[in-house]
Amino acid sequence: MKVLPLSELPIGQWGRVVFLKARGMTRCRLLDLGLVPDTPVQAVRRSPLGDPIAYRIRGALIALRREEAGQVLVTPL
C-alpha cells in the first residue's frame with residue numbers, strides 16, 4: 001500500500017486519508033475540515049502559482065496550502 005502526502009496527489013486523482021502528522025491547532029483545523037481517516041479526497045486544481053491546491057472532501061471544495069496538505073498522508077485510489 002503506497003502512502004504519500006496529500007500535496008503530492010496528482011490533480012484529478014482520488015486518495016483515502018490514512019494519517020494526520022499535524023499537531024495542535026493545525027490538526028484540529030484539518031479534522032474540522034473533514035480530513036479524518038478513511039475519508040476519500042480528490043485533488044481538483046492548483047492555483048496558477050502552484051499553492052494553494054483545491055481538494056474535494058465530503059462534497060465540499062477546500063483550499064489547502066502545500067505545507068498543510070503535506071501533513072495529511074493518503075493512499076491513492
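**Questions on a predicted protein chain**

User: Is Asp38 buried or exposed?
Analyst: In this predicted model, Asp38 has a relative accessible area of 56%. A residue counts as exposed when that figure is over 50%. Asp38 is therefore exposed.

User: What is the phi of Asp38, a residue other than glycine?
Analyst: Most residues other than glycine have a negative phi. Asp38 sits in the loop between helix 1 (24-32) and strand 3. Its phi is positive, although the residue is not a glycine. The value is near 75°.

User: In which loop does Arg58 lie?
Analyst: Arg58 is another non-glycine residue with a positive phi, about 50°. With a relative accessibility of 61%, Arg58 counts as exposed. Its place in the chain is the loop between strand 4 and strand 5.

User: What pattern does the protein chain follow along the sequence?
Analyst: The chain contains 2 helices and 6 strands. Reading along the sequence gives the order of these elements. The pattern is β-β-α-β-β-β-α-β.

User: What is the radius of gyration of the protein chain?
Analyst: The globule rule gives 11 Å for 77 residues. The value for this chain is close to that figure, so the chain is as compact as a globular protein of that length. The radius of gyration is 11 Å.

User: Which strand gives the most residues to the largest nonpolar core?
Analyst: This core has 18 residues, and Leu6, Leu35, Tyr55, Leu64, Val72 and Val74 touch the most other members. The elements that give two or more residues are strand 2 (14-20), strand 3 (40-46), strand 4 (53-57), strand 5 (60-64) and strand 6 (72-76). The most, 3 residues, come from strand 4.

User: Which residues is Leu35 in contact with, leaving aside its neighbours within four places in sequence?
Analyst: In soluble globular proteins, nonpolar side chains tend to be buried together. Leu35 belongs to the largest nonpolar core. Beyond those sequence neighbours, its contacts are Leu6, Val17, Leu20, Leu30, Ile57, Leu64 and Val72.

User: Which residues form a nonpolar patch on the surface?
Analyst: One of them, Val3, is found in the segment before strand 1 (4-5). Val3 has a relative accessibility of 41%, so it counts as partly exposed. Together the patch has about 420 Å² of accessible area, and its members are Met1, Val3, Val18 and Phe19.

User: What share of the residues in the protein chain is buried?
Analyst: A residue is buried when its relative accessible area is under 20%. The chain exposes about 4600 Å², of which carbon and sulfur atoms supply 56%. Among the 77 residues, the buried share is 38%.

Definitions and conventions
Residues numbered from 1 in each chain as written. Predicted model: local features only at pLDDT ≥ 70, side-chain atom pairs only at ≥ 80, totals over all residues. Heavy atoms only, no water. Patch = residues over 30% accessible without salt bridge, like charges linked within 9 Å, V, L, I, M, F, W, Y side chains within 5 Å. Areas by Shrake-Rupley, 256 points an atom, 1.4 Å probe, with all protein chains shown as cover. Salt bridge = Lys/Arg side-chain N within 4 Å of Asp/Glu carboxyl O. Helix = DSSP H or I, 4+ residues; strand = E, 2+ residues; numbered from the N terminus. Buried < 20%, exposed > 50% of the residue type's maximum accessible area, 1.4 Å probe, protein only. Core = buried A, V, L, I, M, F, W, Y, C linked by side-chain atoms within 4.5 Å. Contact = heavy atoms within 4.5 Å. Rg over C-alpha atoms; globule rule 2.2 N^0.38 Å.
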